[in-house]
Amino acid sequence: NSNYNESQNISVPTSNELLNIHEEAAKMILSLIEAYFGVIRTKIYDLIPKTIFCFVINFVQRNMERALIEKLVSSAYRQANGESLLAETYNLSNKSNLSGNFENEISLLREALQLLESCRQQSVNKN
């Protein structure tokens, strides 16, 4: 009986103490969630320009390979037919006229990059 009475002396937290404990736990969880989303936001800001440049580089690479193959094939054809190697085919000259479209796309990508940088600066200023 005496052991049973001694174990009853355990202090039970009051409702205010429990409320404080729950508030601190909620604040800690909130700060962990904010930190997690901060890491994810930073990764996304880092990956967006890299992804854009990856698409641009792949696009340019494909078009350069295609133009090189066309030039090689057309020069081999001209050699077989005795035509000048310096004459530019209509297809290649047409593509050189389209270079303005690439410049337009590059300027749009630069604007997008500036927009991302301004978003990143606003995010840094908020933190």
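The following questions and answers go through a predicted model.

Me: How should the model and its numbering be read, and what is the average pLDDT of the protein?
Reply: This is a predicted model in which residues are numbered from 1 along each chain as its sequence is written, and side-chain values use heavy atoms, with hydrogens and water left out. Local features need pLDDT of at least 70 and side-chain atom pairs count only at pLDDT 80 or more, while totals for chains, interfaces and linings use all residues. With pLDDT being the predictor's confidence in each residue, from 0 to 100, 69% of the residues score at least 70, and the protein averages 77.

Me: Which helices does the protein hold, and which element has the lowest mean pLDDT?
Reply: Helices (DSSP runs of H or I, at least four residues) and strands (E, at least two) are numbered from the N terminus, and on that basis the protein has four helices and zero strands, in the order α-α-α-α. Where pLDDT is low, the predicted coordinates should not be read in detail. The highest mean, 87, belongs to α2, and the lowest, 52, to helix α1 (residues 2-7).

Me: Which residues form the salt bridge of the structure?
Reply: A salt bridge requires a side-chain nitrogen of Lys or Arg within 4 Å of a carboxyl oxygen of Asp or Glu, and the structure holds one. Its partners are four residues apart in helix α2 and therefore separated by about one helical turn. Taking buried as under 20% relative accessible area, exposed as over 50% and partly exposed as in between (1.4 Å probe, protein chains only), Asp46 is partly exposed at 36%, and Lys50 is likewise partly exposed at 49%. The side chains that meet, at 3.0 Å from N to O, are those of Asp46 and Lys50.

Me: Why is the aromatic pair of Tyr36 and Phe37 given its class, and what is that class?
Reply: Rings of Phe, Tyr and Trp (its six-membered ring) pair if their centres lie within 6.5 Å, with planes under 30 degrees apart counted as stacked, over 60 as edge-to-face and the rest as tilted. A search of the whole structure finds one such pair. Because the rings of Tyr36 and Phe37 have centres 5.6 Å apart and planes at 70 degrees, the pair is edge-to-face.

Me: Is Leu116 buried or exposed?
Reply: Leu116 has its place in helix α4, and its C-alpha atom is separated by 7.2 Å from that of Tyr45, 71 residues apart along the chain. Buried residues make up 7% of the 127 residues in the protein. At 17% relative accessibility, Leu116 counts as buried.

Me: What lines the second largest pocket, and which helix supplies the largest share?
Reply: A pocket is an open set of points on a 1 Å grid over the protein atoms alone, where a 1.4 Å probe fits, with protein on both sides within 12 Å along at least five of seven lines, and lining residues have an atom within 4 Å of a point. This pocket is lined by 13 residues, with Val56, Phe102, Glu105, Ile106 and Leu109 nearest its centre. Both α2 (15-81) and α4 (99-126) supply at least two residues of the lining, but the largest share, seven residues, comes from α2.
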